Amino acid sequence: MPVRPHLDDSLLVGDDDTPLARMRMRVRDDDGTAVAADVRPLPEAPLTRLVAQVRRDLAGHRLETPDEALAAALVADGLTLDRAATDMRHDLIDVPEPVALPDGWSLGAPGWDDDLAEGLDAAYGPDHPDGRWQRSDTDEVRAMFDTGEPVPPLVPASARLVDPDGRSAGHVLCAGPVPWTDDDCVWILNLGVAPRAQRRGFGRALLVHALRGAREVGLPSVGLSVVDGNPARRMYDAAGFRVLTRVLTVRIPEA
């Protein structure tokens, strides 16, 4: 396979050894798929040639690129854009004050229970930009708390939203540092609020808790990925997050 190590990255090269793109190879993603991350075409590399090389030498991989032209060329060649998102960072220089909650509501210790599973299943409906909440999502969160796999929760930056009856109505779940970023940031894996508690400022309360918890543990920034069309993007912008990069995801079929 003409994918060759190059410093901290890898190069995708043509059959004549012409370098076509730079990328980072990850052995396996959490769903068992090999990942070619941050794929960037090199200057003057013909896109048609690069697409053909990708289809042959990255078959079976999940390709992630910030390059809109490469993603468009892959789609034009018959592949499907699985996800279009923006990676963002908060540098923790100006962290908002904690959000006051209504009487009876509180932020409790992070964890997982049936009320939270039910609330997130309702929050991530069929029309949500990220798609429905899946049983595999529940299994992954449970594994984080039970076994610390694939990463353990960062407890000071994570929390459950608890209603006056003691029931979970949302959460923010963070980890960090995480192996899929180049920087030592706290990563927000999930922030969700059950429909019965939405539009009351609880999402911002959970987000601010994550920012303040990240600063407490001494990590320099907080990162997240927000899919195009997610209305939470406005909340992240207002809280001081900045755009780091675009991440356009295309699954390359097996040859």
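A salt bridge here is a side-chain nitrogen of Lys or Arg within 4 Å of a carboxyl oxygen of Asp or Glu. The model is predicted: local features need pLDDT of at least 70, side-chain atom pairs count only at pLDDT 80 or more, and totals for chains, interfaces and linings use all residues. Residues are numbered from 1 along each chain as its sequence is written, and side-chain values use heavy atoms, without hydrogens or water.

**Exercise 1**

Find the contact between the side chains of Asp38 and Arg40, then classify both residues as buried, partly exposed or exposed.

Solution. Start with the contact. Asp38 and Arg40 form a salt bridge, with 2.9 Å from N to O. Next, take the classes: buried is under 20% relative accessible area, exposed is over 50%, and partly exposed lies in between (1.4 Å probe, protein chains only). Asp38 has 25% relative accessibility, so it is partly exposed. Arg40 has 41%, so it is partly exposed too.

**Exercise 2**

Classify Asp57 and Arg56, and state which network they belong to.

Solution. The side chains of Asp57 and Arg56 meet in a salt bridge at 3.3 Å, N to O. Asp57 has 6% relative accessibility and therefore counts as buried. Arg56 reaches 45%, so Arg56 is partly exposed.

**Exercise 3**

How many residues apart are Asp237 and Arg233 in helix 6?

Solution. First, the contact: a salt bridge joins the Asp237 and Arg233 side chains at 3.1 Å, N to O. Then the element. Helices are DSSP runs (H or I, at least four residues), numbered from the N terminus. Helix 6 covers residues 232-239, and the two partners sit four residues apart in it, so about one helical turn separates them. Now accessibility. Arg233 is partly exposed at 27%, and Asp237 is partly exposed at 37%.

To finish Exercise 2: salt bridges that share partners join Asp15, Arg56 and Asp57 into one network. The count for the structure is 20 salt bridges.

**Exercise 4**

Describe the ring pair of Tyr124 and Trp133, and place it among the aromatic pairs.

Solution. Begin with the rule. Rings of Phe, Tyr and Trp (its six-membered ring) pair if their centres lie within 6.5 Å; planes under 30 degrees apart are stacked, over 60 edge-to-face, and the rest tilted. The structure holds five aromatic pairs. Tyr124 and Trp133 form one that is tilted, 5.5 Å centre to centre with 45° between the planes. Tyr124 is buried at 10% relative accessibility. Trp133 is buried at 11%. Last step: ring pairs link Trp112, Tyr124 and Trp133 into a cluster.

Technical notes. Helix = DSSP H or I, 4+ residues; strand = E, 2+ residues; numbered from the N terminus.
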